[in-house]
Amino acid sequence: MTHVTIQPTGITADDVFAVARGTATVVLAPATIDAMATSRAIVDGIESSGRPVYGVSTGFGALANTFIAPERRAELQHALIRSHAAGVGAPMPREVVRAMMLLRVRSLALGRSGVRPLVAEALVDLLNHDITPWVPEHGSLGASGDLAPLAHCALVLLGEGWVLGPAGERQDATDALTAAGLKPIELAAKEGLALINGTDGMLGMLLLAIHDAAHLFAMADVTAALAIEAMLGSERPFLPELHAIRPHPGQAASAANIHRLLQDSRVMDSHRDDLAHAVQDAYSMRCAPQVAGAARDTLDFVRTVAGRELVSVVDNPVVLPDGRVESTGNFHGAPLGFAADFLAIAAAEVGAIAERRVDRLLDVTRSRELPAFLSPDAGVNSGLMIAQYTAAGIVAENRRLAAPASVDSLPTSGMQEDHVSMGWAAAKKLRTVLDNLTSLLAVELLAGVRGLQLRAPLEPSPAGRAAVAALGAAAGEPGPDVFLAPVMEAARAVVAGPELRAAIEREVGPLG
């Protein structure tokens, strides 16, 4: 995707991804400019009438009943941005900030915020000139939206604040605007409030997380199949008729993937008709689709919530087509906070069951004749012993992160904002859980590959051969211990990237 055109009907998740992680430029459609101009005319009418309207002619939050004189209303908007840009901590990643800015443009473009088109155009200029505001990680409570993070973005429009430099260093916004040939803007009534009163930060993180989780859940089926194959597990629990009688769609999709991945394997053929073979595999093997499938269904729910938010007007107050300006609570991030917490729980469990399979692969008493810790010379060598330690530590961290943030409200603004969503915190820790899941699947990939190598001369499945080929350069053949951290980093890159999945799908067809 080379460009994203913002219509007054909104944008798609793919648009967000193309701008946040890609190089797509952003364009405002003529209809969008018209919709914003119509909305602005209503605010200008209120200005001239002298009616008290929140955020237009009054203060904010606990100061909502304080009347602001007309000659000070522009000053009010600038003061709002400066005071609310109060975050602290390390800067948020570039992709998160770009997603957040694009989503704020999207919200303004819906024509319910009462801002001039030039405000949205100024945000678009930042995106198209690759100017990324420095947004500290701490500051948002998720209601009224992501106030502090969005204020740090808006401050750059005024020629103030900080931006991310080429190497991630902090630079003055004024210098960045000058270098790009851009000029600061002056805000008019309502515009400062409209720039910061939204769920764009938490929604941006959630959309990026949805994309990542969809890939990782498919890769979880791949690494599970490799581990099951290496442990001489059975393919029978993954037969479609067994999942048709418990019709959870995610479970059926995951089971179908694992069953397909285990076909055409000489390793599987070696024990398929062996009456002495285990009657039942352990839960971590047999119940892989039940856990990964439930995570898939959770992801579908989260995708639905994010899709609704993408077409929502999230601002306060909002300008209605009939000329009314009404206060709302649409900026409250509870829908997104709940969704992010739910997905974090699901992703944590996908990683937890993967670690249990790794532990079985390494345990000589349960791995069905594989050597201890997958080392051909265990004793002098420790094999993957400490890789499982690392996985166990990550599982423990994910369990802590799976505790919901959205139940932890704290009142603010003199008790005017007496219940907040913590949606920003929920989405931020979800990103950490998914990054940790990448590491856990990388350990399982490495263990599965090593186990299949140790089953030689039996030839593994097409998926197994693809995995051995993808990791072979880094992992090498089973033998004496090596410096393991670079191997694990290589495994992480294989799990996170598209190449292994593409290679497998060329052999077995598309994964569900």
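This note goes through a strand pair and the empty spaces of the structure, which is a predicted model.

1. Strand β1, covering residues 3–6, and strand β2 run parallel and are joined by four bridges. One pairing that can be looked up in the structure is that of V4, whose bridge partner in β2 is V26.

2. Helix α1, made of residues 13–20, belongs with these two strands, for β1, α1 and β2 together make a β-α-β unit, and the unit is right-handed.

3. Which side chains of strand β2 are buried? In this strand, which spans residues 25–28, the side chains alternate, so to speak, between two faces: V26 and L28 point to one face and are buried, whereas T25 and V27 point to the other face and are not buried. V26, the bridge partner of V4, is thus found among the buried side chains of β2.

4. Turning to open space, the largest pocket holds about 300 Å³, and its lining is made up of 20 residues, with H84, S144, L147, T412 and E417 lying nearest the centre. The elements that contribute two or more residues to this lining are α3 (73–84), α6 (147–157) and α8 (191–196). By class, the lining of the largest pocket has nine nonpolar residues, ten polar residues and one charged residue.

5. How many cavities of 30 Å³ or more does a search of the whole structure find? The search finds two, and the largest of the cavities has a volume of about 40 Å³, while the second largest has a volume of about 30 Å³.

6. The largest cavity is lined by A220, D221, A224, I258, A288, A292, V350, I353 and R357. At least two residues of this lining come from each of the helices α9 (200–230), α14 (288–310) and α15 (334–362). When the lining of the largest cavity is divided by class, seven residues are nonpolar, two are charged and none is polar.

7. Around the second largest cavity lie the lining residues M101, R104, L123, L150, C153, A154 and L195. Both α4 (94–109) and α6 supply at least two residues of this lining, and the largest share, three residues, comes from α6. The lining of the second largest cavity has six nonpolar residues and one charged residue, with no polar residues.

8. A point worth following in the structure is helix α6, which gives two or more residues to the lining of the largest pocket and also supplies the largest share of the lining of the second largest cavity.

Terms used: Residues are numbered from 1 along each chain as its sequence is written. This is a predicted model: local features need pLDDT of at least 70, side-chain atom pairs count only at pLDDT 80 or more; totals for chains, interfaces and linings use all residues. Side-chain values use heavy atoms; hydrogens and water are left out. Buried means under 20% relative accessible area, exposed over 50%, partly exposed in between (1.4 Å probe, protein chains only). Two strands pair if DSSP finds at least two bridges between them. A crossover is right-handed if, with the strands pointing away from the viewer, the path from the first strand over the helix to the second runs clockwise. On a 1 Å grid over the protein atoms alone, a cavity is a set of points where a 1.4 Å probe fits but cannot get out, and a pocket is an open set with protein on both sides within 12 Å along at least five of seven lines; lining residues have an atom within 4 Å of a point. Grid points are joined across faces, edges and corners, and a volume is the space filled by probe spheres set on the points. Ala, Val, Leu, Ile, Met, Phe, Trp, Tyr, Cys and Pro count as nonpolar, Asp, Glu, Lys and Arg as charged, and the others, Gly among them, as polar.
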